[in-house]
Amino acid sequence: MRKPEPRLQRKLLAWLLGPLAVLLVLDTGAAYWNSLRFSNLAYDRALYEIGREIVLHVKLDGTRPRLDLSEAAGNILLLDQEDLLFYRVVADDGTALGGDAEMPPPRGGEEAGKPRFYRDTVRGEPVRMLVARMPVDAKPEAPMVLVQVAETLHKRTRFAWEMVANVVVPQLLLIVMATAVVWFGISRGLEPLQRLRRAVSDRSHLDLSPIDTHDVPGEVRPLVDEVNELMARLGRTFDFQNRFVADAAHQLKTPVSGLKAQIELALRESDPERVRHSLAQLYISADRLSRLVRQLLSLARNEPGALDAMQLQALDLNAYALEVSMDWVPQALKRDIDLGFEGVEHPLVINADRDRLRELINNLIDNAIRYSQPSGRVTVQVGPGENDQCRLAISDDGPSVPVEERARIFERFHRLLGTQEDGSGLGLAIVSEIATLHGARITLEEDIDGVGNTFSVFFPLRAA
């Protein structure tokens, strides 16, 4: 089976050769019209001469004209190998002097010396009709007669088509040669695109390396550059997914193994107290596993490609941070933590996704309460920043993060050595991802009182 031509090649050929074909048709019509005009011009002169010859056979019988045209002379005068000739001569008073009685009456008025030519029909045959008023002889007072001569159109049409063929056939041959040249030129011109197609179709689905732009036409280079950029983004997304799957498998392995061990221990116990203790441990392990799964799902939801799914809207950071902080009061009281809020009197409006911003604040407050010392203090602050920014800060009384660890603490599954609290090392990684999606910047410094840490997130203010 013959392989179909590329779509672009067919379109180029259609756009290049289609107008040529239309021009050829228009030129053929114009050539036929001109050829027929010249053919009529040439044969009309001959038809007029026949009319003059017929009038020369009109004689005056006193003052009355009569046609003196013998049958032999008529046959010689009206003889034609291709067409039929008809004639009729009429006197001024309307008396028919001779000729074919079936000739149709003339159209319109006729003036002496001004012949008229037009198309008509005689005996069902289309003809070219001559109608003219001519004097019988050269005398000024000679009477006039009306002569009609009709001729069929065979040789006129043949002559017109011969002229059209002489004009159109060379043009048709030229278009055929132009078609071959254009076909060859387009095929050669599109060869880089064919090589590009083969380069893409031959590569593995795992190969996301950039496409070589060498010898790529300038018109296609922007498309290839965009494809390379898309592959780069896909590569980053796949890397993130692969790393996420590997990390999730590693992190879920330990709690799942612990759950299985607790279940096996509970199944072997017969003492109700020991079974109750094992069930309590199972509840704690399941709670840890549930929190880890929630954090993993949150991390996946806030991956780099999640920006398109975000619903940004105008939000007062001051009021919203206070609302979220109030939800943590019971948890802070349970751990004997003094949870405070310091805001400003005027709104600080930013573009944010409500759910993701709540998740960011929740993770920072949870992290602060979890790691603060008993009877400690956690403060949520909202205020203006620099360069059209506003600042959300959460201060705690937990162990100070060493300077060399402050850059790594936002990495996934990274935890400080010596930490006694349960955790997976995902909370601050989620905070970092959400901040990046909002175009915000997050920093970590030592608390202003020298005890604990201060996490600050700088959001760009919404334009007025």
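Q: Why are H7 and H9 called oblique to each other?
A: This is a predicted model, and in it helix H7 (residues 317-326) and helix H9 (residues 354-371) pack at an angle of about 55°. Angles under 35 degrees would count as roughly parallel, over 145 as roughly antiparallel, and 65 to 115 as roughly perpendicular. The value for H7 and H9 falls in none of those ranges, so the two helices are oblique to each other.

Q: What else describes the packing of H7 and H9, beyond the angle?
A: Two packed helices are described by the angle between their axes and the distance between the axes. For H7 and H9, the axes are 10 Å apart. The crossing of this pair is right-handed.

Q: Which residues of H7 and H9 meet?
A: From H7 come Leu-317, Tyr-320, Ala-321, Glu-323, Val-324 and Ser-325. Their partners in H9 are Arg-354, Asp-355, Leu-357, Arg-358, Ile-361, Asn-362 and Ile-365. Sorted by class, that contact has seven nonpolar, two polar and four charged residues.

Q: What makes Asp-27 buried, partly exposed or exposed?
A: Asp-27 has a relative accessible area of 26%. Buried means under 20% and exposed means over 50%, so Asp-27 lands in between and counts as partly exposed.

Q: Where is Asp-27, and what does it touch beyond its neighbours within four places in sequence?
A: Asp-27 sits in helix H1 (residues 7-56). Setting those neighbours aside, Asp-27 is in contact with Val-167 and Gln-171. Asp-27 and Val-167 are 140 residues apart along the chain, yet their C-alpha atoms are separated by 9.1 Å.

Q: How do you know which exposure class Thr-28 belongs to?
A: Same recipe: check the number against the cut-offs. Thr-28 comes in at a relative accessible area of 23%. Under 20% would be buried and over 50% exposed, so Thr-28 is partly exposed.

Q: What does Thr-28 touch, not counting residues up to four places away in sequence?
A: Thr-28, in helix H1, touches Val-164 and Val-168. There's also a C-alpha pair to look at: Thr-28 and Ala-165 are 137 residues apart along the chain, with those atoms separated by 8.9 Å.

Q: How many helices and strands does the chain have, and what share of its residues is buried?
A: The chain has 10 helices and 14 strands. Buried residues make up 37% of the 464 residues. Among contacts with a separation of 6 or more, 65% link residues 24 or more positions apart. As for the accessible surface, it comes to about 27800 Å², with 57% belonging to carbon and sulfur atoms.

Key:
Residues numbered from 1 in each chain as written. Predicted model: local features only at pLDDT ≥ 70, side-chain atom pairs only at ≥ 80, totals over all residues. Heavy atoms only, no water. Axes fitted to C-alpha atoms, helices over the stretch in contact; angles between N-to-C directions. Left-handed = near helix turned anticlockwise from the far one by under 90°. Contact = heavy atoms within 4.5 Å. Nonpolar A, V, L, I, M, F, W, Y, C, P; charged D, E, K, R; others polar. Buried < 20%, exposed > 50% of the residue type's maximum accessible area, 1.4 Å probe, protein only. Areas by Shrake-Rupley, 256 points an atom, 1.4 Å probe, with all protein chains shown as cover.
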